Structure formats: structure tokens, C-alpha cells
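Colleague: I should like to learn how to read the cores, cavities and pockets of a protein model. May we work through an example together?

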Amino acid sequence: MYVCGPTVYSEPHIGNARSCVVFDTLYRVLKLTHEKVKYCRNITDVDDKINQAAMAQGVPIHVIAEQYEKIYLEDCESLGCLRPTIEPKATQHIKEMIDIIKSLIIKGHAYTSEGHVLFSVPSYQDYGQLSKRTTDARKAGARVAPSNYKQDPNDFILWKPSNPHEPGWDSPWGYGRPGWHIECTAMIEKHLGLPIDIHGGGSDLMFPHHENECAQGVCHSGQASYAQYWVHNGMVHMGEDKMSKSLGNILTVRQLLKQWPGEVLRLAMLQTHYRQPLAWTENLLTVSRQIMDKAYRALDHLTPTKVKVPQVKWTDLPPEISQALEDDLNTPLALSHWQRLIKESLACDPNSPQAPVYKQALLASQQALGLGQVACDQWFGHVDAKRAKDIESLIQQRAIARAAKDFTRADDIRDQLSQEGIVLEDHHGVTTWRLLRTSK
């Protein structure tokens with residue numbers, strides 16, 4: 001599986017994070033259902049946006065790229081994402097890109113013009129098959145820019161010249177740098193071979209990026225296909241608008257992690273099917289937090305139950321959850337079954353014969369979903385002994401107030417503790433408390 005990773009010139013936003021979470025979940029499922037899985041997610045570390053950022057700060061491009069790659073990887077970890085098998089960088093594959101471009105020229109699918117090398121779209125009769133775009137639609141598209149050096153308006157750049165102040169490499173066509181699309185094809189061929197099983201990325205990449213990748217890859221390799229399956233995740237919407245920098249409605253992962261645990265963000269992203277647009281709202285996060293709290297309470301409730309899970313197997317998952325995940329990664333359906341499992345676990349006597357069954361099912365399901373991966377005490381936090389004694393004292397005062405029907409006083413105590421990050425929970429006349437954890 002190959003997934004288009006980030007162009008590292010700024011902090012990742014939740015659109016980047018959704019792609020990371022979707023394909024991490026797919027990776028988790030594949031690892032449980034297949035003996036060997038190679039997951040390759042690239043880092044685009046040469047790009048005009050990186051060049052602009054480097055020029056603005058007066059530093060080499062690798063300084064900008066390394067800074068934001070580190071942030072991206074840290075954010076992915078905060079969201080519970082596993083590291084891919086392979087994480088190649090574009091700048092480490094310039095030779096492979098040049099070799100593919102040479103191959104395309106020899107086979108009549110590319111040509112040189114004014115220091116550029118371009119792919120000849122008319123030379124590939126199946127161009128547009130992936131995105132279902134006709135030639136007329138492509139010509140009318142805003143992302144097709146006509147240039148004097150192009151033989152056809154739809155032709156795209158494989159190599160372009162760099163001026164002395166821009167990053168570049170020596171090539172048979174002069175000092176320059178690769179086009180965006182050729183980078184992924186070179187990394188795929190080197191690390192996975194062509195064709196591959198699964199190619200993933202955001203739906204905004206289908207055209208032109210993935211369409212161009214497919215064209216150059218098939219023409220270079222001579223294979224009948226480039227990827228057996230294409231998987232595209234939907235975009236994130238803020239209210240009625242698609243999240244975009246031009247609208248100024250970007251939310252970064254780091255901003256959100258200051259208020260919400262990473263698993264809450266992950267759960268919020270999984271509650272909508274990956275192919276559909278995701279409506280990002282405060283209510284979605286609040287509900288996700290409540291669900292995660294309940295999930296950890298269920299695990300805490302079953303703490304006395306001893307279950308050995310050296311390595312989760314696909315058969316450890318409840319059938320309804322595994323079937324949902326096998327059906328085009330239907331995480332909303334899987335999560336609905338998971339929530340029912342949580343409810344049943346909370347109602348289960350932790351000393352009963354059924355308790356180990358519930359705990360095993362919870363642990364297995366949550367590993368597949370990338371949820372419930374920290375210890376319960378870490379999730380809920382902890383306070384020192386003196387603070388715990390003060391909280392218990394206020395709870396007793398609240399109980400006395402409620403018995404005297406002084407509900408105003410009782411509510412004031414609850415509100416006071418809530419403002420301090422303490423959540424009270426009443427169960428059958430017994431009040432328990434926990435610390436609301438507000439950071440990752």
C-alpha cells in the first residue's frame with residue numbers, strides 16, 4: 001500500500017490528519033488479515049511551497065522540510081497512528097526519477113521543451129480513466145495551465161529548470177528539479193514495485209496527481225495497471241465550507257491537541273465513512289470525548305479480569321465488527337457495534353465467566369480501530385492524596401445538600417469541581433469522580 005504523504009512546509013491540519021487516520025486504520029486491518037503488509041507513505045520534501053518558505057526564512061529547504069516532518073510525525077503519533085513500513089523522501093530518489101523520465105522519452109511518452117521535460121498526455125489513450133474526466137473537461141479545469149512550451153495543454157511537467165537561487169540537481173536536461181507527480185512513481189517503483197495493490201490519498205489528489213501518476217507509471221513500466229485498488233478519503237468541511245487556507249478556516253492538529261486528547265480526534269474522524277466529506281464541529285468532538293470516556297470506564301470496570309493478549313488476531317474481534325471493517329472499511333458501523341460492546345461490558349459483573357470474553361473483545365476491537373491504547377489512569381489522570389481528600393469532602397457536602405433538597409448548593413459544588421477539571425458521576429446513589437484530561 002502506498003499513500004501520498006505530506007508536503008512538509010507548514011503544520012499539519014485536520015485534513016492531513018484525516019488521511020493519516022484513515023490509512024492507519026486500513027493498515028491495522030490489513031496487518032490483522034494478511035501475513036505481510038508493506039505500507040509506504042512518502043514525504044514530499046522538495047516543492048515550490050517549501051522553496052518559498054525557505055527563501056522567506058533564509059534557510060536551505062531541508063531545514064524547513066525537517067522541521068515540519070518532525071511535527072507531522074509527532075502529530076500522527078498523538079493520533080494513535082502506527083509508523084508505516086517505509087517512509088521515503090522525494091529528495092532521496094532523484095536518480096530514480098531521472099531514470100523513469102529517460103524511459104518515458106525513449107518510449108515516446110515524453111519530450112523536452114525549453115529546459116522542461118513533459119509527459120505527452122495524447123500518447124496515453126487511457127488518460128482520464130481514473131478521474132473520469134474527458135479531454136474537454138480537463139481543458140476547462142482550473143488546474144490545467146496552458147504554457148507556450150507544451151505541445152498539448154494537458155501535458156504535465158516531469159522535470160523543470162531551476163535558477164541558481166532555487167534547489168536543483170544535475171540532469172541530462174540541465175540543472176533543475178522534478179515535477180510533483182514523478183516523485184511518487186519513482187518511490188513506488190523502488191520500494192514496492194509496479195503494479196501495487198493499494199494506492200491511497202485524499203480525494204483532492206485524484207486529479208491531476210493520481211491521474212498523472214497512473215499515466216506515467218503504466219507507460220514506463222508497460223504493466224496493464226498501476227494500482228489494483230484506489231482508495232480516496234473525503235475532505236474535511238468546517239460548517240458548510242470545505243476547509244481551505246484561502247478561506248482562513250484551517251485548524252491544525254496542534255491547536256486541537258491543546259484542548260482534546262488525540263484519541264478523541266481520531267474517533268471523531270472515524271465516525272464518518274472515509275469516502276464521505278467529514279463535517280467538523282465542536283459537538284462531534286464533545287460526543288467523541290464522551291464515548292472515549294465510557295470506553296475507558298468499561299476497561300477500568302473490567303480491571304479485575306485477567307486476560308492475556310500477547311498478539312491480537314482477527315478472529316478475536318466480534319464478528320459484527322470485523323465484518324463491518326471488511327466492508328469497505330465501514331468504521332461508522334464498526335463503531336456502533338463497539339459502543340454496544342462497551343455498554344454490555346459496563347453491565348457485566350467483572351468476576352463473572354463472561355468478563356474475560358468482553359475484555360478480550362474490547363481490547364481486540366480497539367487495537368483494530370487504534371482506540372483505547374493508553375492506560376486507564378493515564379487517560380483519566382491523577383491527583384495527589386491531599387487534593388483527592390478535598391474532592392471527597394466536597395462530594396460529601398454535595399450529598400448533604402442534596403439530602404436537604406438544597407439543589408442550588410449541590411449544583412454549585414458540581415460546577416466548582418467541573419471548572420477545576422473534575423467530573424462527577426452518579427450511579428445508583430453513589431458518586432464517583434474522575435479528572436478530565438484535556439491534553440494529549
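Modeller: The following turns go from the whole chain to single residues and then to empty space. Please bear in mind that this is a predicted model.

Colleague: How many helices and strands does the chain have, and what does its C-alpha trace span along the principal axes?

Modeller: The chain holds 16 helices and 13 strands. Its C-alpha trace spans about 85 × 45 × 35 Å along the principal axes. Of the 440 residues, 51% are buried. Contacts between residues at least 6 apart in sequence can also be sorted by separation: 74% of them join residues at least 24 apart.

Colleague: Which residues touch the most other members of the largest nonpolar core?

Modeller: The general idea comes first. In soluble globular proteins, nonpolar side chains tend to be buried together. Here the largest nonpolar core has 69 residues, and those touching the most other members are Met1, Leu265, Trp280, Met292, Leu317, Leu325 and Trp338. Helix H1, residues 14-33, gives the most to this core, with 11 residues. Another core lies apart from it, with 47 residues that include Ile50, Leu104, Leu158 and Ala227.

Colleague: What does Leu317 touch, beyond residues up to four places away in sequence?

Modeller: Leu317 touches Leu32, Val312, Ser322, Leu325, Ala364, Ser365 and Ala368. Leu325 is thus both a contact of Leu317 and one of the core members named above.

Colleague: Let us turn to residues with polar or charged side chains. Is Glu183 buried or exposed?

Modeller: The value to read is relative accessibility, with buried meaning under 20%. Glu183 has 1% relative accessibility and therefore counts as buried. Glu183 lies in helix H6, residues 180-191. Leaving aside neighbours within four places in sequence, Glu183 is in contact with Thr44, Val46, Ala90, Met97 and Pro178. The C-alpha atoms of Glu183 and Leu158 are separated by 8.9 Å, the two residues being 25 apart along the chain.

Colleague: Where is His116 found, and what does it touch?

Modeller: His116 is found in strand E4, residues 116-119. His116 counts as buried because its relative accessibility is 12%, and the cut-off is 20%. Beyond residues up to four places away in sequence, His116 touches Tyr111, Tyr149, Ile157, Trp159, Lys160 and Pro161. A polar atom of the His116 side chain also lies 3.1 Å from the backbone oxygen of Glu114.

Colleague: How is empty space to be read, and which residues line the largest cavity?

Modeller: Rolling a probe the size of a water molecule over the atoms shows where empty space is left. In this model there is one cavity of 30 Å³ or more, and the largest cavity has a volume of about 40 Å³. Its lining consists of Arg18, Val22, Met269, Leu270, Thr272, His273, Tyr274, Leu329 and Thr331. H1 and helix H9 (262-270) are the elements giving two or more residues to that lining. By type, the lining residues are five nonpolar, three polar and one charged.

Colleague: What is the volume of the second largest pocket, and which residues lie nearest its centre?

Modeller: The second largest pocket has a volume of about 440 Å³. Among its 14 lining residues, Arg297, Asp300, Glu425, His427 and Thr432 lie nearest the centre. Two or more lining residues come from each of helix H10 (282-301), helix H14 (376-380), strand E12 (422-427) and strand E13 (430-435). H10 gives the most, with four residues. The lining of this pocket divides into four nonpolar, four polar and six charged residues.

Definitions and conventions
Residues are numbered from 1 along each chain as its sequence is written. This is a predicted model: local features need pLDDT of at least 70, side-chain atom pairs count only at pLDDT 80 or more; totals for chains, interfaces and linings use all residues. Side-chain values use heavy atoms; hydrogens and water are left out. A nonpolar core is a set of buried Ala, Val, Leu, Ile, Met, Phe, Trp, Tyr and Cys residues joined through side-chain atoms within 4.5 Å. Buried means under 20% relative accessible area, exposed over 50%, partly exposed in between (1.4 Å probe, protein chains only). Contact means heavy atoms within 4.5 Å. A polar contact is a pair of N or O atoms within 3.5 Å; within protein, one must be able to donate a hydrogen and the other to accept it, and residues adjacent in sequence count only if both atoms are side-chain atoms. On a 1 Å grid over the protein atoms alone, a cavity is a set of points where a 1.4 Å probe fits but cannot get out, and a pocket is an open set with protein on both sides within 12 Å along at least five of seven lines; lining residues have an atom within 4 Å of a point. Grid points are joined across faces, edges and corners, and a volume is the space filled by probe spheres set on the points. Ala, Val, Leu, Ile, Met, Phe, Trp, Tyr, Cys and Pro count as nonpolar, Asp, Glu, Lys and Arg as charged, and the others, Gly among them, as polar.
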